[in-house]
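I opened the viewer and kept a few notes as I went. Here they are, in the order I looked things up.

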Amino acid sequence: MADKTSRLAGNAAGKWYVDSSCIGCGLCSSTAPDIFTLGDEGQALVTRQPETAGEIELATQALNDCPVQSIGNDGE
């Protein structure tokens, strides 16, 4: 489970985030490329908070499929 206290600084403000346990596998950015991207440090970041039902569905799929559970949706 992602830890909001370890949230990466490059995440867009909002409840969705990636934490420091990210291994940079790229699964989230391929699942929801409008929401997630790989940053310069090789870890994923939330570039834009999901807004529509479709975007939330894709972000949730990425969260559920993340092999190291680095994606959270309980941030602020």
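I started with Cys-22, which counts as buried at 13% relative accessibility. My cut-offs: buried is under 20% relative accessible area, exposed is over 50%, and partly exposed is in between (1.4 Å probe, protein chains only). Note to self: this is a predicted model, where local features need pLDDT of at least 70 and side-chain atom pairs count only at pLDDT 80 or more, while totals for chains, interfaces and linings use all residues. Residues are numbered from 1 along each chain as its sequence is written, and side-chain values use heavy atoms, with hydrogens and water left out.

**Cysteines**

How many disulfides are there? I got zero, going by the rule that a disulfide is a pair of cysteine sulfur atoms within 2.5 Å. Cys-22 is in no disulfide, and its nearest cysteine sulfur belongs to Cys-28, 6.1 Å away. That is too far for a bond. A reminder from class: a disulfide is a covalent bond between the sulfur atoms of two cysteines. I checked Cys-28 as well, and it is buried, with a relative accessible area of 9%.

**Nonpolar core**

Next I looked up the largest nonpolar core, meaning a set of buried Ala, Val, Leu, Ile, Met, Phe, Trp, Tyr and Cys residues joined through side-chain atoms within 4.5 Å. This core has 16 residues, and Val-18, Cys-28, Phe-36, Val-46 and Ile-71 touch the most other members. Strand E3 (44–46) and helix H2 (53–65) each supply at least two of its residues; E3 gives the most, with three. Helices (H or I, at least four residues) and strands (E, at least two) are DSSP runs, numbered from the N terminus.

I then listed contacts (heavy atoms within 4.5 Å) for Phe-36. Skipping neighbours within four places in sequence, Phe-36 is in contact with partners including Val-18, Cys-28, Val-46 and Ile-71.

**Leu-38**

Is Leu-38 buried or partly exposed? At 38% relative accessibility, Leu-38 counts as partly exposed. I found Leu-38 in strand E2 (residues 36–38). Beyond four places in sequence, its contacts are Gly-24, Gly-26, Ser-29, Gln-43 and Ala-44.

**Salt bridge**

Last lookup: I counted one salt bridge, using a side-chain nitrogen of Lys or Arg within 4 Å of a carboxyl oxygen of Asp or Glu as the test. The pair is Arg-48 and Glu-55, at 2.7 Å from N to O. Arg-48 is partly exposed at 30%, whereas Glu-55 counts as buried at 18%.
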